[in-house]
Amino acid sequence: MAAAAKSNTNWFAIGISIAVVVVLVALGGLVVFLNNQASAPGAAPQSAIINDETGAVSFGTGEDQVDTFVDFMCPACNAFEQQYGAQLQEAAANNDITLNVHPISILDRFSQNTEYSTRAAAASYCVAETAPDSFLDYFNLLFEKQPAENTTGLTDDELADLADQVGAADAADCIAAGTYMDFIGDQTNAHEVQGTPTVDINGERLDLQAGGAAKLQQLLG
C-alpha cells in the first residue's frame with residue numbers, strides 16, 4: 001500500500017511539473033507575440049504617389065531630389081510652406097525637381113493628449129491613398145487651417161471634412177479609423193528627424209538656420 005501511494009504521489013508531482021512547464025511556455029509565447037505586435041511596422045498606405053521604400057509622397061521627375069519633413073502642428077513648418085511651398089510644388093509640377101513630402105509627427109505633446117500631429121499626418125496619407133490628385137490641396141489646406149499649439153487641434157470629423165472639401169471624401173473612413181497612425185510613428189523614427197521643418201537636398205540635410213535656406217533658394221532659382 002505504501003509503495004503504491006508513493007508511486008501515485010510521484011506521478012502526481014510529475015503531472016504538476018509538466019503542467020507548469022506548459023503554462024510557462026504558453027506565457028512565454030504570448031509575451032513574444034505581444035512584443036512582436038508592438039514592434040511590428042504599421043500598415044503602409046499604397047498609392048502611385050507614395051514611395052514604398054521611403055514612405056514619401058512624391059511629385060515630379062526632376063534629377064534633384066528635395067525631401068521635406070513636416071509636422072502639421074508646427075508653426076515653423078507653416079512659415080516654411082508659406083515661403084517655399086508654392087515654389088517647390090511648381091518646380092515639381094514642371095519636373096525641375098522631385099519633391100518628396102514626408103508628413104511626420106513630433107509635436108503630439110502640444111495637442112492636449114489628442115495626438116493631433118499624428119492624426120493629421122495619418123489623414124494626409126489617407127488622402128494620398130484614396131485621392132492622390134487631391135493630396136497637395138489637402139496638404140496646403142491643413143496648413144491653412146493649422147490649429148494653435150497647446151490646443152486639441154482639429155477633430156477627426158474636421159479632418160475628414162477638409163478632405164471632402166478637396167475632393168477626397170473617400171478618405172473619411174480611413175481617417176476615422178486612424179489607419180495610418182502607427183505608420184506615422186514608424187516614419188518619424190525611421191528618418192531620425194529632430195525638428196521640423198527638415199529639408200534634404202539630394203540626401204544632404206540642410207541647416208536652414210546656417211545657410212541651408214540659401215542652397216534651397218538657389219536650387220529653386
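A pocket, as the term is used in these legends, is an open set of points on a 1 Å grid over the protein atoms alone, with protein on both sides within 12 Å along at least five of seven lines. The volume of a pocket is the space filled by probe spheres set on its points. All views show a predicted model.

**View 1. The largest pocket and the residues that line it.** The space in this pocket amounts to about 180 Å³. Its lining consists of Ala 76, Ala 79, Phe 80, Gln 83, Tyr 84, Pro 197, Asp 207, Leu 208, Gln 209 and Ala 213. Helix H2, which spans residues 75–93, supplies the largest share of this lining, with five residues. Pro 197, another of the lining residues, belongs to the loop between H7 and E4.

**View 2. The cis peptide bond that leads into Pro 197.** The bond from Thr 196 to Pro 197 has an omega near 0° and is therefore cis. Pro 197 is placed in the loop that connects H7 with E4, and it takes part in lining the largest pocket.

**View 3. The disulfide between Cys 126 and Cys 174.** A search of the whole structure yields one disulfide. The sulfur atoms of Cys 126 and Cys 174 are 2.0 Å apart, and a disulfide is assigned to cysteine sulfur atoms within 2.5 Å. Cys 126 is part of helix H3 (residues 116–130) and Cys 174 is part of helix H6 (residues 172–177), so the link ties together parts that lie 48 residues apart in sequence. The angle about the S-S bond is -70°, and the link is left-handed. Cys 126 and Cys 174 are both buried.

**View 4. Two further cysteines, Cys 74 and Cys 77.** Are these residues buried or exposed? Cys 74 has a relative accessible area of 4% and Cys 77 has one of 0%. Buried means under 20% relative accessible area, so Cys 74 counts as buried, and so does Cys 77.

**View 5. Strand E2 between its partners E3 and E4.** Strand E2 comprises residues 64–70 and runs antiparallel to E4, to which four bridges join it. Seven bridges join E2 to E3, and these two strands run parallel. In the pairing with E4, Phe 69 is positioned opposite Thr 198. In the pairing with E3, Val 70 is positioned opposite Pro 103. Because five of the seven residues of E2 are buried, this strand is largely enclosed by the rest of the structure.

**View 6. Strand E4 and its hairpin with E5.** Strand E4 (residues 198–201) is covered on both faces. Thr 198 and Asp 200 are buried on one side, while Val 199 and Ile 201 are buried on the other. Two bridges connect E4 with strand E5 (residues 204–205) in an antiparallel arrangement, and Ile 201 is found opposite Glu 204. The hairpin has two residues between its strands, and Asn 202 adopts a positive phi near 50°.

**View 7. The largest nonpolar core and the surroundings of Leu 159.** This core contains 54 residues. Which of them have the most contacts inside it? They are Val 57, Leu 88, Phe 135, Tyr 138, Leu 159, Ile 175 and Leu 216. Helix H3 provides the largest share of the core, namely nine residues. With residues up to four places away in sequence set aside, Leu 159 touches Tyr 116, Arg 119, Ala 120, Ala 123, Tyr 138, Leu 142, Leu 154 and Ile 175.

**View 8. Gln 187 in helix H7.** Helix H7 spans residues 181–190 and includes Gln 187. The relative accessibility of Gln 187 is 10%, so this residue counts as buried. Apart from neighbours within four places in sequence, Gln 187 is in contact with Thr 54, Gly 55, His 102 and Ile 104.

**View 9. Positive phi at Asn 95 and Asn 150.** Asn 95 has a phi near 60°, a positive value in a residue other than glycine. This residue sits in the loop between H2 and strand E3 (97–103), and its relative accessibility of 40% makes it partly exposed. Asn 150 also has a positive phi, near 65°. The loop that holds Asn 150 lies between helix H4 (135–144) and helix H5 (156–165). With a relative accessible area of 49%, Asn 150 is partly exposed.

Note on methods
Residues numbered from 1 in each chain as written. Predicted model: local features only at pLDDT ≥ 70, side-chain atom pairs only at ≥ 80, totals over all residues. Heavy atoms only, no water. Buried < 20%, exposed > 50% of the residue type's maximum accessible area, 1.4 Å probe, protein only. Pairing = 2+ DSSP bridges. Core = buried A, V, L, I, M, F, W, Y, C linked by side-chain atoms within 4.5 Å. Contact = heavy atoms within 4.5 Å. 1 Å grid on protein atoms, 1.4 Å probe; cavity = no way out; pocket = protein on both sides within 12 Å on 5 of 7 lines; lining within 4 Å.
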